[in-house]
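Me: I am new to this structure and would like a close look at a single part of it, taken slowly and with its surroundings. Here is what I am looking at.

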Amino acid sequence: MGSEILYRFFDGLTTDKENHEIREWVEASPQNRKHLHEERKLFDALVLLHDGSDEISSADTVSEAPARGRKRILQGAFMRVAAVVAILLMSGLLYMQIKNAGEDYGMQTINVPAGQYVNLSLPDGTNIWLNARTKIEYPVSFNKKERIVKLDGQAYFEVAHDEDVPFIVQTAKGNVRVLGTKFDVMAYANEDRFETTLMDGKVKVDLAPDAGQSLVLSPNTKSYLKDGKLEVTGIDDYDIYRWKEGLICFNDASFEDIMGSFEKTYGPKIIVENTRVNKYSYTGKFRFVDGIDYALRVLQKDIKFTYERDLENHTIYIK
């Protein structure tokens, strides 16, 4: 399967026929699945380098450009991929040189745009998935005492184990301290929610304004804020954490909650003027790349509502 069609697939620009062909190709062999994963990594690198220029493919530029224009766009994209690989290799060499010194060396900031998700590896080998509209800051090299990252948004971590150097996720609402584990943190600065879900290992969670209020999570549990206090509950549905696969999943969720998920993923403010729709609940999933208009049209098949876009104010009104 060619890189051009896979890039258009990641960007949500492929046809239904092409989507079917890609699914058949992926299911045909483990090698194909591995190739898809590698291409997704390169596409993620392009997302991180996206500067709004016409050389990067987008839903508008690629779909509307003539054939020669699309070829130029993709060629520009591949040149940027080569630049990313070179930067990563240089960063790796730099990391090896300064690791022995045990000093922090500058900070790296990653911002994920709406409608995308990104997978990256930190200097210590920790693997991270970043959800849409998420910002993370981390040093080019961790010191020998602790590994600190700053998060605004949602991220899934697979932390490289190191008993002597704790891994700490700092957010505006609280901190999560681990040694080596798999967990999800949701802490958007503009939202009240602060949730930590533990899949494997052990983590300690504390509140930023009150470090004395803390708790230790066991696997398959989640901490959350309720009336300013940390509470714990069990987890029996992990589908909602499949955002790292590019999926918005919901199980018996209210229309209002689903709109909240769309806001978080795609960015626009959604105002529900027809509050009668909030009595309905849904179970299902959407792909990030399908876009918010497709998702709303699917929901319209079950209940009657219309919606209007205010492009100037980046707002959607549910009528």
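How many residues does helix α6 have, and how far does α6 reach from its first C-alpha to its last? Please go on from there to whatever lies around this helix.

Reply: The model is a predicted one, and what follows should be read as a description of that model. Helix α6 covers residues 255-266, which makes twelve residues, and from its first C-alpha to its last it reaches 16 Å, close to the 16 Å expected at 1.5 Å a residue. As for the chain to which this helix belongs, it holds seven helices and 18 strands, and 43% of its 319 residues are buried.

Within α6 itself, the buried residues are Phe 255, Ile 258, Met 259, Phe 262, Glu 263, Lys 264, Thr 265 and Tyr 266. In reading such a list it helps to recall that an α-helix has 3.6 residues a turn, so residues three or four places apart point the same way. Just after the helix comes Gly 267, which takes a positive phi of about 105 degrees.

The next thing to look at is the sheet beside the helix. Three strands form this open sheet in the order β15-β18-β17, with mixed pairing. Strands β15 (269-272) and β17 (307-310) stand at the edges, and because each has a single partner strand, one side of each is left without a neighbour in the sheet. From one strand to the next, the twist averages 20 degrees. Strand β15 runs parallel to β18 (residues 315-318), and four bridges join the two; along this pairing, Lys 269 stands opposite Thr 315 in β18. It is on this sheet that α6 packs, touching β15 and β18, and the direction of the helix makes about 160 degrees with that of β15. A further helix, α7 (residues 291-300), lies across β15, β17 and β18, and runs at about 160 degrees to β17.

Two of the buried residues of α6, Phe 262 and Tyr 266, also belong to an aromatic cluster, whose members are Phe 250, Phe 262, Tyr 266, Phe 286 and Tyr 294. Over the whole structure, a search finds eleven aromatic pairs. One of them is formed by Phe 142 and Phe 167, which meet edge-to-face, with 6.4 Å from centre to centre and 65 degrees between the planes. This pair links distant parts of the chain, since Phe 142 is in the loop between β4 and β5 (147-158) while Phe 167 is in strand β6 (residues 167-170), 25 residues apart. Phe 167 also forms an edge-to-face pair with Phe 157, at 5.8 Å centre to centre and with 65 degrees between the planes; here the partners are ten residues apart, Phe 157 being in strand β5 and Phe 167 in strand β6. Phe 142 and Phe 167 are buried, and Phe 157 is buried as well.

The positive phi of Gly 267 invites a look at two residues elsewhere that have a positive phi although they are not glycines. Arg 133, with a phi of about 55 degrees, lies in the loop between β3 (127-130) and β4 (135-139), and is partly exposed, with a relative accessible area of 30%. Asn 220, with a phi of about 70 degrees, has its place in the loop between β11 (214-217) and β12 (221-226), and is likewise partly exposed, at a relative accessible area of 38%.

Definitions and conventions. Residues are numbered from 1 along each chain as its sequence is written. This is a predicted model: local features need pLDDT of at least 70, side-chain atom pairs count only at pLDDT 80 or more; totals for chains, interfaces and linings use all residues. Side-chain values use heavy atoms; hydrogens and water are left out. Buried means under 20% relative accessible area, exposed over 50%, partly exposed in between (1.4 Å probe, protein chains only). The expected span of a helix is 1.5 Å times one less than its number of residues. Two strands pair if DSSP finds at least two bridges between them. Axes are lines fitted to C-alpha atoms, for helices over the stretch in contact, and angles run from 0 to 180 degrees between N-to-C directions. Contact means heavy atoms within 4.5 Å. Rings of Phe, Tyr and Trp (its six-membered ring) pair if their centres lie within 6.5 Å; planes under 30 degrees apart count as stacked, over 60 as edge-to-face and the rest as tilted.
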